[in-house]
Amino acid sequence: MTTQTSQSEPKRLFIKTYGCQMNVYDSERMRDVLRPLGYQPVDTADNADLVVLNTCHIREKATEKVYSELGQIKKMKEAAGGKMTIAVAGCVAQAEGAEIMRRQPAVDLVLGPQAYHKLPEMVARASRAVGERLETEFETLEKFDALPKAREADGPSAFLSVQEGCDKFCTFCVVPYTRGAELSRPVDDITIEARSLAAQGVRDISLLGQNVNAWHGAGPKLEGDGEWGLGQLARHLAKIGGIDRIRYTTSHPRDMDDDLIAAHGEVPELMPFLHLPVQSGSDRILKAMNRGHTAERYLDIMRKMREARPDMALASDFIVGFPGESDQDFEDTMDLVREVGYAIAYSFKYSPRPGTPAADMFGHVPEEVKDERLQRLQALLKQQQTEFNASKVGQTIPVLVTGKGRNPGQMHGRSPWMQAVHFDGPDHLAGQIVDVKIVGATLNSLAGEYAAAVEAA
Ligand code: 5AD
Ligand code: SF4
């Protein structure tokens, strides 16, 4: 364990993040709460004073990765003569609790997603080898209240957590058990955090939540009556000077309301990108998954989105091989994909999670059938992604420049549709939104020419 060092001596902090963007956000906040204690982020675990694994429990593979990583870190801790504090945070911590310390005794601390504000206190306790080393109670609002409101921004894009938790209980999913009930952050807190980010040069904010479009809150009186939904929040945040791009992720079809769809047509800052997971195109499977909507309802939302904003890029998640999924059910998923036409999508083989209802259902699909379905689905999705990217070739588009590219003289950035873009241009463009003419496209990125340079030539 770490021996107590003086406040002025910098301590090395390594955080490894697994899984979703909520975890990416939470890792940033952990860095924020530890900074006053003298912890400086480093890029590797070797020689770190504090190693935090911010874990994901969504599929079995993700959980097993954590244990194998812990095995590696234990060796580093031994090599450092035990002078390293190892903390496991995130959803594996929440789900497995003290079991983690039993399976890997080198672990000093286990803390769930609602306990990050207690991290400094826990680290201090661990260094003195006293007190609780497990913190997995649900106290979401307390967490939001306790985290410092002013944040250190890193580049022109930032995440902002507005909602946590999930009450949907899809039968395959562990999130409602690890992240707790749905809870929305108050408008004022979100506004303060967004303003602080804007003041530091952030131009692109991604609002995060497990069910981000379930966000609701009481808004300031003059701007609307009673409860706001996410559409109102987007309109409000768009007025903050410097905030040019607003995104939100991840949404649920059940919480998609007409006002949010309308906001896409009215608010230029609201980016034309919607990640709306459908999981399956078969009504029978959607029912068994407890998704609470049909394929037709989902398609209807996608159509309305395209009416409001014709250039909308659509994204989704899919699970193949859910228990009981027949060939026909899978074909229904393929049909839905053909009908929507996705810009990008993530697809997974069903992975039984202990304690979830689907794990005990009949009709588990053989692994080789899951493999074959996943391959077919991914081939179709890749084809759509390539076509979507190719559709931008020849257009001049606004790109938010996020930093230097891989090659000398190259810069990279994001298109409004979330595509990675690289082009040759000067370093000082970082943080700006510039016009780039797209001249090439691959599955994963767009190649462009900096329009100002083209005009000058
Ligand atoms: N098996 C496979 N995929 C899953 N997901 C969630 N739980 C499981 C599971 N048990 C996928 C869903 C979800 C994404 C984050 O992970 O598609 O949208
Ligand atoms: Fe999991 Fe369903 Fe909640 Fe998404 S909506 S987090 S898939 S239970």
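Where is the place of T250? T250 sits in the loop between β13 (245-249) and α10 (258-266). Helices (H or I, at least four residues) and strands (E, at least two) are DSSP runs, numbered from the N terminus. This is a predicted model, in which local features need pLDDT of at least 70, side-chain atom pairs count only at pLDDT 80 or more, and totals for chains, interfaces and linings use all residues. Residues are numbered from 1 along each chain as its sequence is written, chains are lettered from A and ligands numbered from 1 in the order in which they are written, and side-chain values use heavy atoms, with hydrogens and water left out.

**View 1. The whole protein.** The protein has 15 helices and 21 strands. Of its 457 residues, 54% are buried. Buried means under 20% relative accessible area, exposed over 50%, and partly exposed in between (1.4 Å probe, protein chains only). About 19500 Å² is exposed, and carbon and sulfur atoms supply 51% of it. Accessible areas come from the Shrake-Rupley method with a 1.4 Å probe; for residues, only the protein chains shown count as cover.

**View 2. The shell around ligand 1.** The surrounding residues are I58, R59, F172, Q279, D317, I319, F348, K349, Y350, S351 and R353. Each has a heavy atom within 4 Å of the ligand, the cut-off for a residue near a molecule or strand. Strands β15 (313-320) and β16 (344-349) each supply at least two residues of this shell. By class, five are nonpolar, two polar and four charged. Ala, Val, Leu, Ile, Met, Phe, Trp, Tyr, Cys and Pro count as nonpolar, Asp, Glu, Lys and Arg as charged, and the others, Gly among them, as polar.

**View 3. Polar atoms at ligand 1.** A ligand oxygen lies 2.6 Å from a side-chain N or O atom of Q279. For D317, an oxygen atom of ligand 1 is likewise 2.6 Å from a side-chain N or O atom. A nitrogen atom of the ligand is 2.8 Å from a polar backbone atom of S351. The protein covers 88% of the 400 Å² of accessible area that ligand 1 has on its own.

**View 4. Y350.** Y350 is in the loop between β16 and α14 (367-390). Y350 is buried, with a relative accessible area of 3%. Its C-alpha is 5.6 Å from that of I319, although the two are 31 residues apart in sequence. The side chain of Y350 reaches the backbone nitrogen of A359 at 3.4 Å.

**View 5. The shell around ligand 2.** C166, K168, F169, C170, F172, C173, V175, P176, N211, H252 and R291 surround ligand 2. Seven are nonpolar, two polar and two charged.

**View 6. The largest nonpolar core.** Of its 54 residues, L207, L233, Y248, L274, F318, L336 and Y342 touch the most other members. Helix α12 (residues 295-308) gives the most to this core, with six residues. A nonpolar core is a set of buried Ala, Val, Leu, Ile, Met, Phe, Trp, Tyr and Cys residues joined through side-chain atoms within 4.5 Å.

**View 7. Backbone details.** A cis peptide bond joins T249 and T250, with omega about 0°. N47 has a positive phi of about 65° although it is not a glycine. N47 is exposed, with a relative accessible area of 55%. Most residues other than glycine have a negative phi, and most peptide bonds are trans.

Terms used:
A polar contact is a pair of N or O atoms within 3.5 Å; within protein, one must be able to donate a hydrogen and the other to accept it, and residues adjacent in sequence count only if both atoms are side-chain atoms.
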